[in-house]
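Here's a quick look at the pockets in this one, plus a helix pair that ties in. Have the viewer open as you read.

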Amino acid sequence: MGSPIVLGIESSCDETGAGLVRDGRLLGHAVASSMDEHARFGGVVPEIASRAHLHALRPVIRQALDEAGLTLSDIGAVAVTTGPGLSGALQVGVAGAKSIAYALGVPLHGVHHLAGHVAADTLEHGPLPDPCMVLIVSGGHTSLLLVRDLARDPIVHLGDTLDDAAGECFDKVARVFGLPYPGGPAVDRVAREGDPRAVPFPRPLPGSYDFSFSGLKTAAARWAEGHGGRPLPVADGAASLQEAVADVLTRKAVAACAEYGVGTLVVVGGVAANSRVRSLAEERCRAAGIALRVPPLRLCTDNGAMIAAVGDLLVRAGAEPAPLDVSVDPSAPLEYAWLHPLAARTGGRVAA
């Protein structure tokens, strides 16, 4: 009969997602975004996000079930993002997941949001090679990871964000350039008409696998300010900014593959949807003889399918389910794919 069907729930930021996975195969998924509600504020407003999750969670789960031709009683396990993310938003998803797991009498698994991004690629390309190099690039996170068995082994961090992540840099510079929120897609669109060599923006932290995009953000802001009242060549600025970000990300990732003898690079997260990041990664991986894996665009941004994918891996690996009093950890570090923080803990990162 195979493994149980896993329902995955994602509510860490401004997307409410539900996905259904069995034996590594995506059966159905749905996403509702509150991005339009945040756009007029230039960024995500936590209270608005939490309310949007409350309204969207049940319809999104129903839509995913309908797409898969399943009913709630077909679910054999539930996986939910327990961190990191916005505390109130995470709590909506965790409360919903607990209710479903309890009502159905099925196990519940707490999942680290970033591990979900890693697992998203398995839904398109199959099991991850052991080992593989993973570059996570999203609005709040940029990390270079050495991954073995995602369901069993610790995740090795080779480099992480020291300040602004790549997506954060895009959002903040887009605002300076007069582009709409979210900044990443806006920069990508405008950059197609610009010259990526027009502005010599810096490449932060050469010689390190860590990432820092705060200085690049500042350099772009200073460049814009330097035009005074003159028209700003936004397309050239966007293309040059995007080239700097893509150059740093792909150069470090390919160098890490070479140093650690890893033959596969997996690029995931919302910024993995950026056209220049994808094309430059393809170009450099091809030249270095490295296999490149990037999920389809629909699985790059936050979604429930990726959380279900982790849950499916954990179920098949015989992982211990989360305790009934599992809580959320808004600032959880990525150590393992599973994340089972408890509200009773004191003095730590856990939100009670």
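The lining of the second largest pocket splits into 9 nonpolar, 3 polar and 7 charged residues. Keep in mind that this is a predicted model. That pocket holds a volume of about 330 Å³. It is lined by 19 residues, and P127, L128, D149, L313 and R316 sit closest to its centre. Two elements, α5 (122-125) and α11, give two or more residues each to this lining, with α11 giving the most at 4 residues.

Now for the largest pocket, which has about 980 Å³ of space. Its lining counts 36 residues, and those nearest the centre are S138, G139, G140, D171 and Y181. Helices α4, α6 (166-176) and α7 (183-191) each bring at least two residues to that lining, and the largest share, 6 residues, is from α6.

Here are the two pockets by lining class:

| Pocket | Nonpolar | Polar | Charged |
|---|---|---|---|
| Largest | 12 residues | 15 residues | 9 residues |
| Second largest | 9 residues | 3 residues | 7 residues |

What about the helix pair? Helix α4 (residues 113-120) packs against helix α11 (residues 304-316) at an angle of about 85°, and their axes are 7 Å apart. Angles of 65 to 115 degrees count as roughly perpendicular, so α4 and α11 are roughly perpendicular to each other. On the α4 side the contact uses H113, A115, G116, H117, A119 and A120, which meet M306, I307, A309, V310 and L313 of α11. Sorted by class, this contact has 8 nonpolar and 3 polar residues, and no charged ones.

How values were computed
Residues are numbered from 1 along each chain as its sequence is written. This is a predicted model: local features need pLDDT of at least 70, side-chain atom pairs count only at pLDDT 80 or more; totals for chains, interfaces and linings use all residues. Side-chain values use heavy atoms; hydrogens and water are left out. Axes are lines fitted to C-alpha atoms, for helices over the stretch in contact, and angles run from 0 to 180 degrees between N-to-C directions. Angles under 35 degrees count as roughly parallel, over 145 as roughly antiparallel, 65 to 115 as roughly perpendicular and the rest as oblique. Contact means heavy atoms within 4.5 Å. Ala, Val, Leu, Ile, Met, Phe, Trp, Tyr, Cys and Pro count as nonpolar, Asp, Glu, Lys and Arg as charged, and the others, Gly among them, as polar. On a 1 Å grid over the protein atoms alone, a cavity is a set of points where a 1.4 Å probe fits but cannot get out, and a pocket is an open set with protein on both sides within 12 Å along at least five of seven lines; lining residues have an atom within 4 Å of a point. Grid points are joined across faces, edges and corners, and a volume is the space filled by probe spheres set on the points.
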